[in-house]
Structures are given as structure tokens and as C-alpha cells.
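Subject: Handing over the structure, with notes on what was found

Dear colleague,

I am passing on the structure we spoke about, and I would be glad if you kept it open while you read. Please look through it at your own pace before turning to the notes.

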Amino acid sequence: MPPVYEPKEVEAKWYRFWEEGKFFRGEVDPSRRPFCIVMPPPNVTGELHMGHALDNTLQDVLIRWRRMQGYATLWVPGTDHAGIATQARVEAELAKEGLTRHDLGREKFLERVWQWKEKYGNTITMQLRRLGASCDWDRERFTMDEGCSRAVKEVFIRLYEEGLIYRGDYIVNWCPRCQTVISDIEVEHKETPGKLYYIRYPLAEGGFITIATTRPETMLGDTAVAVNPEDPRYRELIGKKAILPLVGRELPIIADEYVDMEFGTGALKVTPAHDPHDFEIGQRHHLPAVQVIGFDARMTEEAGERYRGLDRWEARRRVVEDLRAQGLLEKEEDIVHAVGHCYRCGEVVEPMISKQWFVRMKPLAEPAVAAVEEGRIRFIPERFTKIYLNWVKNIKDWCISRQLWWGHRIPVWHCADCGRSTAARNGLDRCPHCGSSRVEQDPDVLDTWFSSALWPFSTLGWPEVTPELKFFYPTSVLVTGRDIIFFWVARMIFMGLKFMGDVPFREVFIHGLVLDALGRKMSKSLGNGVDPLEVIESHGADSLRFMLVTGSTPGNDLRFHFERLDGARNFINKLWNASRFVLMNLDEEEALPQLDEVRLELVDRWIISRLQDVVERVTAYLEEYELGEAARLLYEFMWDEFCDWYIEMAKLRLYGADPEARRTAQVVLKSVLGTCLKLLHPFIPFVTEEIWHRLEPGSAPLIVQSWPAVEEKRKDAAAEAAVGMLQEVVRAVRHLRAEMRVPPGKRATVILVTREVDKMRLLEEHRKIVESLVAGELVLKEILLEKPVNAAHAVAAGIEIYLPLEGLIDVEKERARLHKELKELEEELSRVRRKLDNPSFLAKAPAEVVAKERAKEEELEKNRLSLEKLLSFLEGV
RNA sequence: GGGCGCGUAGCUCAGCGGGAGAGCGCUUGACUCACAUUCAAGAGGUCGCAGGUUCGAUCCCUGCCGCGCCCA
């Protein structure tokens with residue numbers, strides 16, 4: 001066993017072992033309780049980034065833990081077809097050949113995309129394997145595979161037939177670069193500096209009204225001017241006409257409560273074709289919509305001769321120039337306002353009226369609200385409940401059509417003769433209304449999120465009623481980032497309720513984002529992303545996983561620091577070496593007895609008792625989704641208590657002459673280590689599996705070992721208190737040695753004085769252990785007759801400690817040191833006493849707390865007396 | 001404008017009603033027979049500010065300041 005753990009080969013070996021051995025397989029088994037997670041499907045085009053690494057590590061921890069607990073676990077992996085992203089990727093490839101998708105035509109283009117998917121689509125799933133994800137690859141799904149496609153069609157048609165899907169002219173967000181509509185939540189509003197232009201619109205009867213706008217180019221499409229009905233400044237103008245500059249159109253001046261009297265001049269130009277609010281005003285007042293910006297973001301015919309064909313930004317400049325020339329530009333102000341950008345490509349979106357498909361959300365949202373309000377779905381952390389509810393309660397209809405080729409094509413056929421539309425599961429070659437054969441399928445595809453919304457049941461076989469669906473639905477928990485609560489979580493909830501009649505998952509475990517060391521979002525454009533695969537190469541997957549888990553608190557973001565990664569690697573190396581130590585000290589030929597068959601010593605009972613506490617708390621933390629706390633607790637136990645104390649204390653017996661004592665130490669070391677491996681396995685599966693097989697050759701792999709249970713009878717408060725006392729003494733002596741610069745190699749004599757018999761006996765019985773830990777020889781006395789002249793002094797656990805030194809000690813310094821300690825002690829003592837002197841504390845605080853304070857007082861008082869005695873010795877010198 | 005989160009040791013962050021914690025960094029010492037990816041010892045904090053509730057507040061409530069995110 002090498003002294004430094006080398007993850008590379010170990011990880012590859014065990015992953016192959018697990019996968020080929022079908023240990024990830026999720027089976028329907030009614031004799032066991034189900035535990036199921038569906039993986040948020042990463043984009044097929046994608047490569048693993050830190051967000052995926054975190055998300056999947058958390059899921060894997062939960063799955064591995066539940067698997068060890070004996071649940072029938074299923075973790076369904078898969079990928080998302082990612083409409084825009086994938087299509088863009090393939091189009092870029094075509095562009096290199098000088099082709100566009102239109103050159104190929106729809107069918108050929110789709111063939112290309114499928115080819116591309118076959119070639120590159122498994123990159124990310126290979127990377128998930130590197131991470132150690134124990135998902136059931138035999139059940140891997142793709143949002144455009146046959147089953148998912150069937151589910152999508154079925155859902156669409158049922159919603160359509162119920163009238164919950166409609167097609168209509170509506171204002172939507174158009175991305176001129178992606179050449180498709182995008183939904184409201186795909187628009188990112190960014191604070192952007194701009195200008196607020198004040199423009200005079202002449203009134204038909206003379207004079208003018210000044211409006212303020214950030215988008216003067218859209219004025220060419222104005223069809224009204226609106227003011228607030230409450231606004232006294234404009235009350236008389238309502239119903240009058242204004243003349244649209246540059247165009248000459250007459251605009252009615254209308255009253256609408258939407259208008260903010262405080263903003264600008266309180267008068268608003270209304271462009272129903274290019275602003276969502278104006279669109280609504282237009283609907284309320286039956287205003288015409290004039291489209292002046294086209295789908296290519298250039299001005300249309302309607303914009304007039306002078307502007308037609310100009311790009312929208314150029315048009316803005318021209319319009320402003322022309323207004324200024326005509327003296328109609330009153331002023332411009334600098335302003336910061338929110339501008340909508342396409343979340344995919346960053347282009348400024350253009351609100352545009354077009355014919356699109358929508359899902360009527362109200363009837364679907366109501367049950368989705370109820371499910372969460374009634375607690376049938378629980379968010380962790382709880383605060384995300386509010387964020388979710390707030391969104392679902394204010395939900396607007398969902399625009400689901402996309403002007404793309406790659407995706408689920410809308411299963412509706414339009415008849416060129418009678419003009420009617422028909423939804424059909426299996427295609428259509430004749431119009432069922434008029435019999436015409438001039439039917440054509442709607443060219444649009446569905447929003448990618450439409451298919452992901454069905455993921456929890458489409459992956460389990462729906463619309464078939466499969467045994468998997470019956471057994472594993474509702475799934476147990478959804479683990480995902482807080483950035484896609486709206487995109488995905490909410491939609492799965494209403495789709496699940498609608499089509500399965502039950503929630504898709506019982507709990508939603510939300511985590512934050514992985515940020516760079518400076519707290520910025522990792523992004524391609526910033527180039528500040530850290531590649532998980534590189535990290536796995538350099539530090540191992542276990543280190544990455546451990547770092548991500550220990551660094552995260554539910555719902556909070558986490559910064560990626562390489563120092564923390566080193567820390568995780570060091571911990572794994574520590575575990576490796578502790579195991580190496582244990583293995584080196586086992587006798588291979590000899591079978592060890594069981595824990596019950598050996599006579600345990602105090603320190604054995606102590607570490608085993610401490611372990612019970614760890615088992616209990618780690619399990620409780622996992623139940624509460626406090627994965628970070630669980631991992632941190634294991635880190636501390638392993639490193640501090642097991643390595644730094646127990647192993648050191650066990651060495652004496654291992655290297656000693658008593659074979660029975662040696663065997664006992666071996667049994668305890670092996671047993672505690674084994675339990676630790678089990679507890680650590682969900683977090684760092686590779687290294688633990690590797691060690692396990694060295695520790696327990698021939699036994700079942702760790703991945704299917706059962707999760708440790710707390711053994712109440714192994715809890716031993718007395719042992720914990722006793723060892724706690726020994727530790728206190730050891731620490732005090734070490735402190736003295738360091739303070740007095742006694743070289744570490746030098747064996748020193750240490751005099752311990754106490755009149756308490758049980759402490760004396762304890763020290764007597766563990767003399768060897770203490771001696772080895774302090775590298776000295778103990779002299780135990782009930783009372784000290786002669787004052788040690790040249791000695792350093794300390795007090796711990798009510799025991800006086802003398803460390804005789806060879807040369808003369810600096811009495812002044814020693815006295816000062818003890819005085820300082822005494823002062824600190826007295827301060828604490830008086831704080832405790834103040835509490836105990838307070839009658840209302842005694843009356844109102846729980847008895848337990850009072851007892852604790854009393855015990856503390858007693859202890860402090862003992863130490864104070866001893867310290868004073870030591871000081872009086874020094875005064876006498 | 002509304003909502004949410006964060007402000008704790010030099011840095012990064014846990015803890016969140018009864019003794020201020022960790023890792024890194026720093027100081028001192030040690031290649032001690034599992035590990036220098038180590039060991040031992042130590043320094044370092046008015047737990048953002050101001051009120052309130054409580055026997056007791058870093059933790060609960062209110063207000064304020066600063067930073068970040070989401071929604072409009």
C-alpha cells in the first residue's frame with residue numbers, strides 16, 4: 001500500500017466493477033421501500049461543469065446512503081435535447097461547410113442533428129461516470145427518445161383537446177439572433193445604461209404633449225398616447241388627438257391606469273406591436289398594432305420609406321436625429337433601465353406580435369399551488385416555498401412553440417382548404433373536417449422544457465402504466481439548483497398533478513450555484529469556470545465530491561477555492577494512511593474475534609461510544625439534507641478522534657508484548673474503521689470501496705453494505721468523561737513542554753498531584769498511555785510534600801501538574817504566566833457565579849442548564865485553588 | 001418598487017437561544033517506527049450597527065447600513 005493515495009486507477013477500477021456488476025440497478029421490489037430520484041437531465045450538447053458536479057454529487061450521496069439503508073433505490077439518468085443549444089451547435093458546424101440548415105432542408109438537417117447527438121451526446125454521461133454517479137445506466141433516457149416523444153404527444157393532445165392549449169396572436173419575446181420566440185422566463189433582465197428621450201407630440205388643436213421613452217424608434221408604430229386618468233395635468237386632453245411626429249398619424253389620447261404619473265412626463269406613447277404593456281393597453285382600448293420592426297430586427301415597410309430596412313439601433317439614431325432637427329426633442333436624460341436579453345445568446349430581445357402556441361396556465365397552476373401549500377411537496381430549505389408560490393400564483397400563459405427544427409414537433413395539422421387545425425397522435429394525411437388532403441403539420445416545435453416537465457413520469461414509462469411507474473412514482477426527492485425552480489420544478493409539479501394525479505416528488509432539495517473564488521458566476525464568457533474533469537484528474541473524484549459537499553449549505557451558493565480542494569484531498573490521504581496503519585497492524589494469518597468477544601479497555605469503550613454518537617448524528621443530518629454537516633462531522637471524527645487520539649493510544653498495545661491486548665486493539669481499530677468507511681462511502685465512494693476490500697477481503701462490496709445502526713449499549717458516558725480527563729491532562733502537559741521549550745525528543749518527568757482517588761486511579765491505570773502521549777514519565781502523588789524548585793506549573797481537570805526543568809526557571813516569568821491563567825480562570829468563574837447568583841436564572845432556566853453551570857463552577861473552583869497553591873509555592877521561592 | 005439571501009478570526013465559511021468554531025494563512029517547534037497531502041503547541045473575534053423580547057441573544061423581533069441574487 002503506497003503512502004500516498006493515487007485515485008486514478010482506483011476510481012476507474014471500482015466504477016467499472018460497480019457498473020458491470022449492476023450495483024446501480026434499480027429494481028421494483030415491493031418488499032422494500034422505494035427511493036427514487038430522477039436526474040435533472042443535462043444538455044446533450046453539454047460538458048460537465050461544476051454545477052452538474054455539485055448537483056449530481058448531492059444526488060449520489062443520497063442514493064448511495066439510501067441504498068445502504070436497504071431501500072429499493074432507483075436513480076434515473078438521462079439527457080435533454082436542448083432545442084436551441086443543440087440546433088445552434090449543428091448549425092455552426094454546417095456554417096463551416098458554408099451551409100445553412102435551409103440548404104439541407106428540414107429532414108436532412110434533423111438527420112445531421114441525430115448524427116451529431118450519436119457522436120457527441122454521450123460525452124456528459126461519460127463524465128458523470130467519472131464523478132462516481134451511481135445511477136442506473138440501463139434506464140438512461142433522452143428527452144427525444146421514443147418513449148418521451150410519445151409522452152409529449154399524449155400530453156399535448158390531451159391538453160389541446162381540453163382546450164388548455166391554444167394558438168393565438170400575442171406579444172412574445174423574439175430573439176432576432178436565435179430566430180425564435182422564447183418564453184418569459186427565458187428573458188434575462190439586465191440593468192443597462194440608456195437614455196430617456198423627451199419627445200413633443202403636437203396636438204391636433206395646437207400645443208403639444210411631451211412623452212418620455214427609452215425606445216424612440218418604436219414611435220413609428222405608435223397608435224395612441226396614454227395618460228393616467230387621475231392625472232390633473234392631462235385630464236383635459238383625454239379624448240383629444242395628437243399628431244405622431246415623423247409619421248403624421250393621428251393618435252388618440254387615452255386614459256389608462258397602467259400609466260405611472262411619476263415616470264417621465266406622465267404621458268406614455270403606446271406601441272402595441274413592440275411592448276408587452278402597450279400590447280395590453282392596446283387590447284383594452286382596441287388600438288391597432290403597427291409592426292415597425294421585423295423578425296430580423298430591421299425596420300419594416302410600415303416604418304416608412306426613410307427608415308425601412310434599417311437595423312433597430314440605427315433606426316433609433318436616425319429617429320432621434322430627425323426629431324432634433326424638427327425641434328421636437330425636448331431633452332434626453334441618462335437612465336439605467338432593465339433591458340431584456342436572450343438567456344441563450346445574450347441578444348436584446350424584441351417584443352413582437354406573432355402567432356404562437358400557449359398553455360393556459362390558470363387551471364394547471366391552482367393544484368400546483370395547493371400541493372405545496374398543503375405540504376404534499378416540501379422545499380428544502382423552506383424559504384424556497386415562498387419563491388415558488390409567488391411565481392406560480394402570478395403565472396402567465398406559457399408560450400410553448402419555438403421556431404426551430406430540433407425538438408418535438410407540434411402534433412397539429414392545418415388544412416389549407418377549410419383552415420381548420422387538428423391534433424393527431426399518429427399523423428394525418430386527410431383533413432377530418434373537410435376531407436382535403438392539403439394538410440400540413442405545424443412547422444414549430446415545442447419548448448424544450450415541455451418535455452422536461454414530463455421527466456419524472458415519462459422516464460418511468462408513462463403513458464404505459466408500468467410496474468416502475470406504479471412503484472417509484474411519486475419520486476422521493478428532486479435535487480436541483482435554485483436557478484431553475486421556475487423553468488423546471490414548477491412545470492414538473494403541474495404536469496405531474498395533471499397527468500399522474502399526484503405530485504412528481506415529495507421533496508425538493510435546492511442547492512445554490514458554484515461561484516468562482518471571487519464570488520462570480522462561472523461562465524464561458526468570463527472564462528472563470530473550473531473544469532471538474534481537470535479537478536478529477538489532479539485531485540480525484542472523491543476530493544472534488546468531498547469539497548463540494550463540505551463546502552455547501554442547503555440553498556446557499558458556494559465559492560470554489562483550490563485550497564479547499566487540497567484540504568479534501570488531504571483528508572482522503574489521511575483516511576488512506578489511517579487505513580494503511582490499521583492494515584499494517586493486523587495479522588493476516590489470524591482471524592480476529594468479534595467486538596463482543598474481547599475485553600475492551602477504557603479507550604476502546606471511549607472511541608466506540610464516540611462512534612455511536614457519530615453514527616447517530618450523521619444519519620440525522622442526512623435525513624435533514626444537511627449533507628455538509630454530516631461530512632464535516634465525519635472529517636472531524638476521523639481526523640481528530642480516531643487518528644490523533646485513538647490510533648496513538650492503541651499503538652502501545654499494538655507494539656506491546658501482550659497478545660490479548662494487541663488483539664483487542666486490532667479488533668477495535670478494524671471495527672471502527674469499517675464503520676467509518678461505511679459512513680463515508682456515500683461521500684467518497686471510490687477510496688472507501690478500495691480500502692474496504694483490503695480490510696474485508698472477500699466480503700460484499702461496500703456499496704451494498706448496510707448502513708451502520710446506533711448501538712445504544714455501546715454508548716458509554718463514563719468512558720467519554722474519563723478519556724476527556726486524560727486528554728485534558730495530556731494537552732496541559734504538552735502545552736507546558738512547548739511553553740518551556742523542552743525538546744520533543746527529550747523524555748521529561750511530569751508530576752501529577754491530586755487527592756481525588758478516582759482520578760488518581762484513572763491516571764495510574766493509564767499511566768503508560770499518558771506517558772506515551774506526553775513523551776515523559778509520570779510521578780503520581782496525592783500530596784506534594786516538597787515544593788519542586790525548578791518546575792513549570794499548570795492545572796488541568798483539577799489536577800496539579802509540575803514539569804521539573806533542568807536549568808533554573810525564570811520565576812518571574814512563570815509567576816506572570818500563572819497569574820494570567822488565574823485571571824482568566826477567575827473571570828470565567830465569576831461569570832458562572834453571576835449566573836448562579838441570579839434567582840430568576842435558577843427559577844426559570846431548565847434544571848439541566850443549571851446543573852451544568854454548577855458542575856462548571858465546581859471544576860473551575862478546583863482549578864482555581866490548585867493554581868493559587870502553585871502560585872504560593874512560587875511566592876515562597 | 002417588491003421578495004430573498006448574506007454580513008462571525010487576516011481569507012473562505014460552518015454554527016443560529018445557555019461554554020465563540022473549522023479549514024487555509026500566520027507564529028513556534030518536530031522528517032516521532034500510517035501519513036511532512038504530517039504531528040505538537042500557539043496568537044488572532046465588541047459574531048455589521050442601534051434598539052427590543054428573554055433569567056440569558058452571534059442565534060428570535062424591529063429599524064438602519066453594506067454586499068449579492070431573483071422578480072416587476
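The notes below take up salt bridges, then the RNA strand, then two sheets and a single side chain.

Please keep in mind throughout that this is a predicted model, and that the values that follow were computed from it.

**Salt bridges**

A search of the whole structure finds 83 salt bridges, and a few of them are worth following residue by residue. In one of them Glu217 is paired with Arg316, with 2.9 Å between the closest N and O atoms. Because Glu217 sits in the loop between β8 (208-213) and β9 (224-227) while Arg316 belongs to helix α9 (residues 312-325), this pair ties together parts that are 99 residues apart in sequence. Glu217 has a relative accessible area of 0%, and since buried means under 20%, it counts as buried.

Helix α9 takes part in a second pair of this kind, in which Arg312 forms a salt bridge with Glu350, the closest N and O atoms being 2.8 Å apart. Here Glu350 lies in strand β14 (residues 350-359) and Arg312 in helix α9, so the parts tied together are 38 residues apart in sequence. Both partners are buried, Glu350 at 0% relative accessibility and Arg312 at 1%.

For a salt bridge within one helix, you can turn to Arg569 and Asp566, whose closest N and O atoms are 3.8 Å apart. These two residues both lie in helix α18 (residues 562-584), three residues apart, which is about one turn of the helix. Arg569 is partly exposed, with a relative accessibility of 35%, and Asp566 is partly exposed as well, with a relative accessible area of 29%.

Salt bridges can also link up into a network, and one such network joins Lys22, Arg25, Glu27, Asp136, Asp138, Arg139 and Glu468.

**The surface near the RNA**

Which residues come nearest to RNA strand B? Of the 48 residues around the strand, they are Lys386, Glu629, Trp639, Lys844 and Pro846. By class, this surface has 23 charged, 15 nonpolar and 10 polar residues. If you look from the side of the RNA instead, 70% of the atoms of strand B that lie within 4 Å of the protein belong to sugar or phosphate, and the rest belong to bases.

Some individual contacts can be picked out here. A polar side-chain atom of Lys386 lies 2.4 Å from a phosphate oxygen of RNA strand B, and for Arg559 the distance from a polar side-chain atom to a phosphate oxygen of the strand is 3.1 Å. Lys651 reaches a base, with an N or O atom of its side chain 3.5 Å from a base nitrogen of RNA strand B. The elements that give two or more residues to this surface are β7 (187-202), α18, α20 (627-654), α23 (717-739), α26 (811-837), α27 (839-844) and α28 (847-876). The largest share, 10 residues, comes from α18, the helix that also holds Arg569 and Asp566.

**Two sheets**

One open sheet is made of four strands in the order β6-β5-β14-β16, with antiparallel pairing. Since β6 (180-182) and β16 (398-399) stand at the edges with a single partner strand each, one side of each is left without a neighbour in the sheet. Strand β5 (residues 165-175) pairs with β6 in the antiparallel sense over three bridges, and Cys175 stands opposite Thr180 in β6.

The other open sheet has three strands in the order β8-β7-β13, again with antiparallel pairing. Its edges are β8 and β13 (329-342), each with a single partner strand, so one side of each has no neighbour in the sheet. Neighbouring strands of this sheet are turned by 20° against each other on average, direction ignored. Six bridges join β7 and β8 in the antiparallel sense, and the bridge partner of Arg200 in β8 is Thr210.

**A single side chain**

Lastly, Asn228 is found in the loop between β9 and β10 (241-243). This residue is buried, with a relative accessible area of 7%, and its side chain reaches the backbone oxygen of Val259 at 2.8 Å.

With best wishes

Key: Residues are numbered from 1 along each chain as its sequence is written. Chains are lettered from A and ligands numbered from 1 in the order in which they are written. This is a predicted model: local features need pLDDT of at least 70, side-chain atom pairs count only at pLDDT 80 or more; totals for chains, interfaces and linings use all residues. Side-chain values use heavy atoms; hydrogens and water are left out. A salt bridge is a side-chain nitrogen of Lys or Arg within 4 Å of a carboxyl oxygen of Asp or Glu. Buried means under 20% relative accessible area, exposed over 50%, partly exposed in between (1.4 Å probe, protein chains only). A residue is near a molecule or strand if one of its heavy atoms lies within 4 Å of it. A polar contact is a pair of N or O atoms within 3.5 Å; within protein, one must be able to donate a hydrogen and the other to accept it, and residues adjacent in sequence count only if both atoms are side-chain atoms. Ala, Val, Leu, Ile, Met, Phe, Trp, Tyr, Cys and Pro count as nonpolar, Asp, Glu, Lys and Arg as charged, and the others, Gly among them, as polar. Two strands pair if DSSP finds at least two bridges between them. Axes are lines fitted to C-alpha atoms, for helices over the stretch in contact, and angles run from 0 to 180 degrees between N-to-C directions.
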